[in-house]
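Open the structure in your viewer, keep the sequence panel beside it, and be ready to select residues by number as you read. Each stop below says what to select and what is there.

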Amino acid sequence: MYVKSIVRQSVRYASDKAARFVPKTGVYPKGFVVGGIHSGVKKDGKSLDLALLKNEFGKEASAAAVFTTNKFRAAPVQVSSKIIKEKKGKGINSLVANSGNANAVTGSQGIKDAEDMVIVTDSVLENSSNSTLVMSTGVIGNNLPIDNILSGIPKLALTNLGNTHQHWIDCATAICTTDTFPKLVTKQFELNGVTYTLAGLCKGAGMICPNMATLLGFFVTDAPVTPSALQQILKYAVDRSFNSISVDGDMSTNDTIVAIANGAAGGELIESSSSSATSFSILQREITDFAQQLAQLVVRDGEGATKFIELKVKDALSYKDAKIVASSIANSSLFKTAMYGKDANWGRILCAIGYSNVTSSESIIPSRTSVSFIPSDGSEKLDLLIDGEPELVDEARASQILEAEDLVIEIDLGTGGGQEAKFWTCDLSHEYVTINGDYRS
């Protein structure tokens, strides 16, 4: 299977570089409990591989989700999207997820297995029918060891759920595959005099390319939000976070992002109507910022990655154009390998800009395009190209800038449109090939 890759990755996880991204404490929303256990999906006999989240607040929660656009949608994606659609986001009170096996391209048996995970979870938690969403991640094309999972759900639900920091870390760890660290973010914010809390986790290190989705993730809040408002907010936030990252240009069959709100902290119900416009806007801003923090952890954990790169495209005709240009650069193997080699080869950036599928001939004007490196140490930026004219680049300084782990590359399209987008990516190294060359062997 893929044990060798995970063992190799776990060595990186033990490093200070990975450990510094794992929070030591957190703040957690009211009314939710989570946990993770080893159920026997992963073959090493100990790694956490089954996660569960439950809304235990007295009122039914609102839920929203965004799913992969891959044509080979995995069984859990099909089952969860059907539940969300049929229930219109109302009364979704739990989520169950396994790692170690994607339950993708597994035919009718895969659908049945995903449905059984929902049925058993609902039964154990005493939910109404179809109140649980399901996720799976791991190797594609293998049937789940479903008996292990179905027997693990009661064990997890009845004795291993809680709202402590360790419970959340266990839950985040239980959905990891080639990840080198569990990805968990929490935050609090105030709205209309009430303090609300967000907590979320995700997994992803490889097969990461946005077209929602990019990976598995879910986050919860104790704010009161209608399902329709939450869906609009999630779509907006995902477009600017999980849909604005890339590790390797590959999109998974299982990608899912879920948001659940139970209203346990009280306050006025947030809707998408004009009467809630201010509250809606504030919540959307807070969730988008939160989602960006969570999504960036995926890039930092990119398989074999040594660099975290923010691409900032400015002065585009539209947000769509800015994002298209950024995505084109982020998914260029030539650009990514240049970053790994610490080579300031800005020609590869221009090449990717030039072939990006922007909306019109006026979206990219070579004579107005500028490119700069923004150093992570706060020192003066290094201009590479200004209004289509190459600068005399100090190669020694460029190499010094590229020695750092973090880098911002600014692309000014100079169209006068004033729109911008940010996108996050990483470099492409020898280790990425090694990891994926023996993923199943």
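Taking a salt bridge to be a side-chain nitrogen of Lys or Arg within 4 Å of a carboxyl oxygen of Asp or Glu, the count comes to 13 salt bridges. The model is a predicted one, in which local features need pLDDT of at least 70 and side-chain atom pairs count only at pLDDT 80 or more, while totals for chains, interfaces and linings use all residues. Residues are numbered from 1 along each chain as its sequence is written, and side-chain values use heavy atoms, with hydrogens and water left out.

**First stop: R20 and E405**

Select R20 and E405, whose side chains meet in a salt bridge with 2.5 Å from N to O. This pair links distant parts of the chain, 385 residues apart, with R20 in the loop between α2 (16-19) and β1 (32-37) and E405 in the loop between α12 (395-403) and β15 (406-412). The helices named here and below are DSSP runs of H or I with at least four residues, the strands are runs of E with at least two, and both are numbered from the N terminus. For accessibility, this tour calls a residue buried under 20% relative accessible area, exposed over 50%, and partly exposed in between, using a 1.4 Å probe and protein chains only. R20 counts as partly exposed because its relative accessibility is 46%, and E405 counts as partly exposed because its value is 24%.

**Second stop: K187 and its surroundings**

Next select K187, which is found in strand β6 (residues 183-191). Is K187 buried or exposed? K187 counts as buried, because its relative accessibility is 13%. Add E286 to the selection, and you can follow a salt bridge from K187 to E286 in which the closest N and O atoms are 2.6 Å apart. This pair, too, links distant parts of the chain, since K187 lies in strand β6 and E286 in helix α8 (residues 277-300), 99 residues apart. Both K187 and E286 are buried.

Now add D289, because the side chain of K187 also makes a polar contact with the side chain of D289, at 3.2 Å. A polar contact is a pair of N or O atoms within 3.5 Å; within protein, one must be able to donate a hydrogen and the other to accept it, and residues adjacent in sequence count only if both atoms are side-chain atoms. To see the wider surroundings, select V27, Y196, T197, L198, E286, D289 and F290, with which K187 is in contact when its neighbours within four places in sequence are left aside; contact here means heavy atoms within 4.5 Å.

**Third stop: helix α7**

Select K235 and D239, which form a salt bridge with the closest N and O atoms 2.8 Å apart. Both lie in helix α7 (residues 227-239), 4 residues apart, which is about one turn of the helix. An α-helix has 3.6 residues a turn, so residues three or four places apart point the same way. K235 is partly exposed, with a relative accessible area of 42%, whereas D239 is buried, with 17%.

**Fourth stop: helix α4**

Colour residues 107-125, which make up helix α4. This helix has 19 residues and reaches 28 Å from its first C-alpha to its last, close to the 27 Å expected at 1.5 Å a residue, where the expected span is 1.5 Å times one less than the number of residues. Which residues of α4 are buried? They are G110, D113, A114, D116, M117, V118, T121, D122 and L125. The buried residues of α4 pack against β2 (50-55), α3 (75-87), β4 (94-101), β5 (132-139) and α5 (146-159). Just after α4, select E126, which takes a positive phi of about 60°.

**Last stops: two loops and two strands**

Select N192, in the loop between β6 and β7 (194-203). N192 has a positive phi of about 55° although it is not a glycine, and N192 counts as exposed at 53% relative accessibility. Then go to D315 in strand β11 (residues 308-316), where D315 has a positive phi of about 50° and is not a glycine either.

Select F72 in the loop between β3 (62-67) and α3, where F72 is exposed, with a relative accessible area of 56%. Finish at I245 in strand β9 (residues 245-246), which counts as buried at 0% relative accessibility.
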